[in-house]
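Colleague: I have a new model open on my screen, and I would love to go through it with you. Shall we take it question by question?

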Amino acid sequence: MKQLMLLLFGAGVVTAGAQSPGGVKGTELWFQTLPVTADLQGAYRWMDLAGDSVKLRSLDRNGKPGSEYTQTRSFAPAFNFHPALYLSGGSYGKTASFKFSNFSQATVFSVFALPPESHDKDMLLYSLDGRKGGGSILSKDKAVRANGTEPLDYGKDTGEDLLFSSSDRQSATDFREFSVRVLTYLKSNRPGTGLWGENSASNLFVGGTYSASNPQFSTGYDEASFGNNRFDGYSPEVIIYGRYLTPAERRKVESYLAVKYGITLNNSYLDSEGNLIWDKDENLGYHHRVTAIGSDAASALHQLLSTTSYEEGPVYATMKANDTFHDGNSYAESSASRLLVMGREYGNPLPDKGYIFWGDDNGPLTTYTSPADTLWHIMHRTWTVRSNVPASADSTSVRWNGTGMTVTRKGFLDTIEQDSSATEAFAVTPALPGREGAISFYCPLSHPTFDAGFTGSGGNTCEYGYRFDREGNVYAISGGQAGATAVATGVSGSAVSIRREDGQVYLRIDGIGSRARTIPLPEASGSMSGLIRTVTSEEPLRIAAVRTGGIGDTGNMAELSHALTPDDEFSQYCRNRTLLLIDPSGEGRFDTEDMIAVKCSRPDLMRGKTVFHNLFWDLDGSGSDVFTFAYYDGLAADALPTPSTCEDGKPRNDGSIDIDIRIGTPVYDYVLSADTVAGVSKDEIIASGKFTGEAHRIDGLAPGTYTLKVTQGGGNDIYGTGGPLYTTYVHDKRIFASGEVSWTVTGTNSNYRLGVEPRISDDITQFGFDVRGDKAYMIIDGHTSLTQFIRIKEGDVLTLGLEGITVSYKLNGKVIRRFTQWNIRAWRLCIKFGTGETHITGLTVNGEPIPDFTHSGNVQVENPKTNTALFTVHVGSECDPTLPNGTEKKEGSLIGWSDRPGNGEGNSQGNGNRDDSFQVKPDGTTGIFDVVLEQDQPGDVTLMVFDASGKLVHEQFMEGETTKRSRFEAPAPGVYVVKAIGPDWEKTRKIIAK
């Protein structure tokens, strides 16, 4: 049970204000857990946003209120990126006092998070006291009134309270997973009859136990009737209204809290205008771990990043160690304890009332091998996405304009490269709309001093941002002035993220931020532009893969915690092979003909995350997609021919074929042979070779038909991120007496030492290569020789051979140096990683990949299978447009499908189900419908009618006791969803108005 409703208690005086929970005005109290100062890692408190500035105060031993209750961030874990107070802090409980309400009638909403170890012990959640004898206590199991009144065991029949017992419908494991709850309570006392009216003072008591001598309790209770223990748990938000809310109003507030804290309601979700944003009945097969991002100004909701609070065991969300922020740092990215995190790309705003929901089919996280293609390994679990946010996957927007800089675009990434080290050089974006924007990149290993951040409209100097000096130190820039104290050091080679949001500029280095790295913006700061500018000219600046947020629609992002997949199955494939598969039809059929396969971006090895950027949901406008995760254990590539040109009516031999690797692991071998080419024998080899990048061009081709074979090699592919002390490493578990170690250079930005160690217990590399950028220094007898080195480039093959007492150093198979050694009789391979990210591929020992490694630090190893892709390619000619030019297309195949149960079975879809207690029938007049609802017990019910898009078109209170009747008119012909909304239930019919 995730959301509970009980006729019991509350408070309320209507207050004015543009924002209110769920858009429902009239809060008496609106406590949110917010920082006391601007420091997100500092102290937190419950702050009242209702207007009366009510404070939660600590009590002394005599029950007297003292100072405001605050907690440091380390005691206030975050749920869906919002911290929550630990209510057991302090010694004698806490109280919030009200001067103008006695809680005689009220609606109260609260969110509680229960640690897994206290799931089966009753505890006092809070008490509400006003008029003498008219108070109430809520425990995890019972609602308790004054002495002489029988307590209400509100979970007795359903087991849906906050206390686990063996008779509950849920298992203990499920209870722990679902232990972040929204509780909704109604309270009503008989009106007072005293001459001077009712007492108007009251208080809310939390975090303690009941005592008759405590002045905070004006009502006496039977302590034996409930578990009078201090609540051991967390609460991020409490809301109190001074009246009964209608069922529709209650649903709006509950939906607001559920979206904000990653809670799955047992019902549908409404926005602040009552529009249907997630229909439980329509999505019944996917109503598990329902999560959303959304923006709703009337609700003060701005949730651009979300994850469920119902994480599966043993990684329960309510365990203190499983904060949604990495290491419990509110300036950092999401933690490894969340399987799936999704949100907007930084700087990409959501429109008001824009929501993107997702829920899963509760399938297992294991994979199955596709019967259509055994190289596909597809996760059983699937998710549906429901979105009302327009999407446009257009990567052609001009994101940067360079002066003295060349900007090269590739999809949603840009490479910014200085034309000359001697010229003024900067790149600036167009004005960023609103007050948001983002720039992220990997800081080059070698670079001049440069600034990155934001400037005013039309400016070309950094006003708010950061200065990166040549030594890798970072200084904050505020008002155009760089600070004197570094806010970060040693950042060369690190991932950098600069974001403008919430009136601040934030800096993360390798996903970690801090208060010292945050710059406050002036309140009057308006539209700004992103900026990268060189400050010194020792060398040209080149920054690759710059990701920019705020220019055009950059879509959404997702993170899969591959470390939480069974047996770490996805971990080996998190670099190049994990894909997010989208079925735009929403049916859960993954067909290579029409599915969208989004390849993962760089993984975050520190957090164990596979990251996906620039995801666009519902591109076809149908309102829904279905997605899952998969990895492809083979080679997927495209071959794109360009026709030969024409000279004097004759074709020239200048056609070409571009090989584009979509999924694969280098090194790649290719062979191009003739099939039908004029003057060339069939099967004659035209070109062959190797390459390591994602693209390669074969040129100098005559018109004709060719056979292209591309093969990925069988060596290890290794990424590692280390530091100046080279403490990150991998090593082979085996011992050799002789042999060769060989690998391929993938670029000139790596720093590593690869060689051999004499014993398993030794950690000194005796012989090998110390690679620093484009130089490979020889390691001889445990020392790096700074005078004996070779220049290397992408595609070069380095080899170290040991045979007897001879050590050989080779480049591309040619011996460069030989040495005689007397110290090593047996050895193992070891790689140690220096500053920045290192990529090594095609690694073999004696011609075979290494089957198993021991490693420490941020290292990812893939053992790719040898796999070949074959293409029949037609190279055309501009001389003869009738000649074919293209690659013969392979037929698509159904590789996977959703295992979800059928949607909409039972309560809702259509009028063919057998729940006759809710009837919607036309009365014979065009567009007019009669509604009848039969109930076992009388109670408030709201009738709501939605069009096919979820927009609310009619709302009314249903009249009657156990039989309720209503009538409404459909505004136009079409399909409508009709719902009867009760206190904690709903019934649904789908109708067609003619």
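Colleague: How many positive and negative side chains does the protein chain have, and how far apart do the centres of the two sets lie?

Modeller: Happy to help, and a word on the ground rules comes before the count. This is a predicted model, where local features need pLDDT of at least 70, side-chain atom pairs count only at pLDDT 80 or more, and totals for chains, interfaces and linings use all residues. Residues are numbered from 1 along each chain as its sequence is written, and side-chain values use heavy atoms, with hydrogens and water left out. With Lys and Arg taken as positive, Asp and Glu as negative, and His and the chain ends not counted, there are 94 positive and 121 negative side chains, and the centres of the two sets lie apart by 4 Å.

Colleague: Thanks! What is the radius of gyration of the protein chain, and how does that fit the globule rule?

Modeller: The secondary structure comes to two helices and 82 strands, counted as DSSP runs (helices H or I, at least four residues; strands E, at least two) numbered from the N terminus. The globule rule (2.2 Å times the number of residues to the power 0.38, with the radius taken over C-alpha atoms) gives 30 Å for 994 residues, so the protein chain is as compact as a globular protein of that length, with a radius of gyration close to that value, at 33 Å.

Colleague: Which share of the residues counts as buried?

Modeller: Buried means under 20% relative accessible area, exposed over 50%, and partly exposed in between (1.4 Å probe, protein chains only). Of the 994 residues in the protein chain, the buried share is 57%.

Colleague: How far apart are the C-alpha centres of domain 1 and domain 3?

Modeller: The bounds come from an automatic or database domain assignment, which puts domain 1 at 21-245 and domain 3 at 401-549, among others. The distance between their C-alpha centres is 46 Å.

Colleague: Which residues does Asp394 contact beyond its sequence neighbours?

Modeller: Asp394 sits in the loop between β29 (383-387) and β30 (401-403), and is partly exposed at 36% relative accessible area. Asp553 is 159 residues away from Asp394 in sequence, yet their C-alpha atoms are 7.1 Å apart. Taking contact as heavy atoms within 4.5 Å and leaving aside neighbours within four places in sequence, the partners of Asp394 are Phe412 and Asp553.

Colleague: Is Asp360 buried or exposed?

Modeller: Asp360 lies in strand β26. Not counting residues up to four places away in sequence, Asp360 touches several residues, including Tyr286, Arg289 and Trp383. At 1% relative accessibility, Asp360 counts as buried.

Colleague: What is the omega of the cis peptide bond between Gly313 and Pro314?

Modeller: Most residues other than glycine have a negative phi, and most peptide bonds are trans. Pro314 is in the loop between β24 (305-306) and β25 (340-344). The cis bond that joins Gly313 and Pro314 has an omega of about 5°.

Colleague: And where is Val667, and what is omega for the cis bond from Pro666?

Modeller: Val667 is in the loop between β53 (655-663) and β54 (668-677). The bond from Pro666 to Val667 is cis, with omega near 15°.

Colleague: Last one: what is the phi of Asp683, which is not a glycine?

Modeller: Asp683 is in the loop between β54 and β55 (685-691), and counts as exposed at 54% relative accessibility. Although Asp683 is not a glycine, its phi is positive, at about 70°.

Terms used
Charge placed at Lys NZ, Arg CZ, Asp CG, Glu CD.
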